[in-house]
Protein chains: 2
Amino acid sequence: MKPRNGRRGGARRAAPLSQESIVVAALRILDDEGPRQLSMRRLAKELSITPMALYHHVRDKHELLLLLVASRSRGAVRPVLPDDPRERLLAAAELLHDVLAQYPFLREILASPDLLAVAALWVMEALLDAAVECGLTLEEAAQAHQAIWHYTVGVLLIRTTSRRHHAELTRPTQREQVFATLSPEAFPRVTSLADRWPALTARDTHRRALEDIVEGLLGGRRPHPGEHA
Amino acid sequence: MKPRNGRRGGARRAAPLSQESIVVAALRILDDEGPRQLSMRRLAKELSITPMALYHHVRDKHELLLLLVASRSRGAVRPVLPDDPRERLLAAAELLHDVLAQYPFLREILASPDLLAVAALWVMEALLDAAVECGLTLEEAAQAHQAIWHYTVGVLLIRTTSRRHHAELTRPTQREQVFATLSPEAFPRVTSLADRWPALTARDTHRRALEDIVEGLLGGRRPHPGEHA
DNA sequence: ACCTGAACACCGTTCAAGT
DNA sequence: ACCTGAACACCGTTCAAGT
């Protein structure tokens, strides 16, 4: 049925296997079959080569994933951010989320200290700059960035994996069982939220929460005077 | 050297293999060798049985991990929280972090909707209650809980995995390379932080950030009057 | 230099058979 | 009911050999 070397997307037979062609093939697998299907062996099969041939062009899987991030972030458009520093800080924080949300394989590289450098350096810059213009010192801005980064990671990770859990919904969720046996005396708040819990946690309140968090990180600080009308 | 059936910790030879003995053996592997070593096969070896024997007592690995969480959280002491609702909210948020920080295999179950129900239901109750007493509606309290939960997950996940990355420090970190080639004109904030970056991100500022985040989530709200002096 | 073949040291899980 | 043996369908990576 299918010829041994498919013609879709750029993996031509005679092409001499480069980092670029590897990246292209990997992105294709990612888009067509999802992040869980992307393995060195699967990728080798896609390129009709031995798994080990890959290791001549990338050091290991981790490096490959960072290459994928870099490749996708190169082509991304950089939106214009608001002038007002407070608005800009919020917009940058949202962008951090949006940029990283593009990578379904985030799970495996989230903790890499290299991820931000490769994927969203300019967002980082914008965020730090806005924070400083809001009145934070550079060190405080770095801490604020760190807090927003942690929050964003949590949001993304929980969203991507709980979507996976929803897909395999065979399990009757231990939560429901536990919630059902709770005494309202010992757990008044949890029990009164119990049935609404799935609906409440499913709603995407990222933007709202981010507003509050940014507010808290800035404290009562006013932007530097005279920079904007 | 070592007898086939070690006598440490409770895995006796004649014992008929129960959920409890499985959990005990799993916790032992976790403590002695770390979360990455905990596999169904390794666990079976520890108990001197076939991997498949395990599946007679637990549905799958995910269920086993939740059993481990439940087992550890059963024995935990519940500290007394401050009376002042604002202080209590902050203390509960810190507890959420501390409780979950106990589980090195968090990575694999973080996204499970069952995790909180099994591990930290009372912390959740305390957090929601404190938020309501701070003046939030129950729905707002649930959203605040959600935001704190996301933030906490991010902190824990990044910490546990970046520690792993530091251990295998062979790689010269792509971040350093990228940072070195940045032009100060295009990235003034990032470049001026560059050398301090590792030190700044290594510092544990969880408590400080949490204060700010809680502050932001509460907004200007005052606690319910007359409940506390 | 670039690639292959075979192997190492693993995974979680299913299925059929044994006691 | 409880457990084993063999297998399925995978992983990332190393090492020695081929061209």
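**How far apart do the C-alpha centres of domain 1 of chain A and domain 2 of chain A lie?**

That is our warm-up, and we solve it in Exercise 1. Before starting, note that this is a predicted model, where local features need pLDDT of at least 70, side-chain atom pairs count only at pLDDT 80 or more, and totals for chains, interfaces and linings use all residues. Residues are numbered from 1 along each chain as its sequence is written, chains are lettered from A and ligands numbered from 1 in the order in which they are written, and side-chain values use heavy atoms, with hydrogens and water left out.

**Exercise 1. The two domains of chain A**

Task: Find the bounds of the domains of chain A, their separation and their contacts.

Solution:
- Step 1. Start with the bounds: domain 1 of chain A covers 9-73 and domain 2 covers 85-218. Such bounds come from an automatic or database domain assignment.
- Step 2. Now the warm-up: the C-alpha centres of these two domains of chain A are 30 Å apart.
- Step 3. Finally, look at where they meet. Here 12 residues of domain 1 of chain A are in contact with 13 residues of domain 2 of chain A, where contact means heavy atoms within 4.5 Å.

**Exercise 2. Around DNA strand D**

Task: Describe which residues surround DNA strand D and which side chains reach its phosphate oxygens.

Solution:
- Step 1. Count the neighbours: 16 residues surround DNA strand D, and the closest are Ser39(A), Arg41(A), Met52(A), Tyr55(A) and His57(B). A residue is near a strand if one of its heavy atoms lies within 4 Å of it.
- Step 2. Sort them by class. The surface near DNA strand D has 8 nonpolar, 4 polar and 4 charged residues. In this scheme Ala, Val, Leu, Ile, Met, Phe, Trp, Tyr, Cys and Pro are nonpolar, Asp, Glu, Lys and Arg are charged, and the others, Gly among them, are polar.
- Step 3. Locate the helices. Helix H2 (40-46) of chain A and helix H3 (51-54) of chain B each supply at least two residues of this surface near DNA strand D. Helices are DSSP runs (H or I, at least four residues), numbered from the N terminus.
- Step 4. Check the phosphate oxygens of DNA strand D. A polar side-chain atom of Ser39(A) is 2.8 Å from one, and a polar side-chain atom of Thr50(B) is also 2.8 Å from one. For His57(B), a side-chain N or O atom lies 3.4 Å from a phosphate oxygen of the strand.

**Exercise 3. Around DNA strand C**

Task: Carry out the analysis for DNA strand C.

Solution:
- Step 1. DNA strand C is surrounded by 16 residues, the closest being His57(A), Ser39(B), Arg41(B), Met52(B) and Tyr55(B).
- Step 2. By class, the surface near DNA strand C divides into 8 nonpolar, 4 polar and 4 charged residues.
- Step 3. Helix H3 (51-54) of chain A and helix H2 (40-46) of chain B each give at least two residues to the surface near DNA strand C.
- Step 4. For phosphate oxygens of DNA strand C, the side-chain N or O atom of Thr50(A) is at 2.9 Å. A polar side-chain atom of Ser39(B) is at 2.8 Å, and a side-chain N or O atom of Tyr55(B) is at 2.8 Å.

**Exercise 4. Two helices of chain B**

Task: Compare the spans of H5(B) and H12(B) with their expected values, and look at burial.

Solution:
- Step 1. The expected span is 1.5 Å times one less than the number of residues.
- Step 2. H5 (residues 85-101) of chain B has 17 residues and reaches 24 Å between its end C-alpha atoms, close to the expected 24 Å.
- Step 3. In H5(B), 13 of the 17 residues are buried, so this helix is largely enclosed by the rest of the structure. Buried means under 20% relative accessible area, exposed over 50%, and partly exposed in between (1.4 Å probe, protein chains only).
- Step 4. H12 (residues 206-218) of chain B has 13 residues, and its end C-alpha atoms are 18 Å apart, which agrees with the expected 18 Å.
- Step 5. Buried residues of H12(B) include His206(B), Ala209(B) and Leu218(B). Just after H12(B), Gly219(B) has a positive phi of about 65°.

**Exercise 5. Two buried residues**

Task: Place Asp114(B) and Ala147(B) and list what they touch.

Solution:
- Step 1. Asp114(B) sits in the loop between H5 and helix H6 (115-119) of chain B. Its relative accessibility is 2%, so Asp114(B) counts as buried.
- Step 2. Beyond neighbours within four places in sequence, Asp114(B) is in contact with Thr173(A), Gln174(A), Arg175(A) and Leu66(B).
- Step 3. Ala147(B) belongs to helix H8 (residues 138-167) of chain B. Setting aside residues up to four places away in sequence, Ala147(B) touches Tyr151(A), Ala209(A) and Leu217(B).

Definitions and conventions
A polar contact is a pair of N or O atoms within 3.5 Å; within protein, one must be able to donate a hydrogen and the other to accept it, and residues adjacent in sequence count only if both atoms are side-chain atoms.
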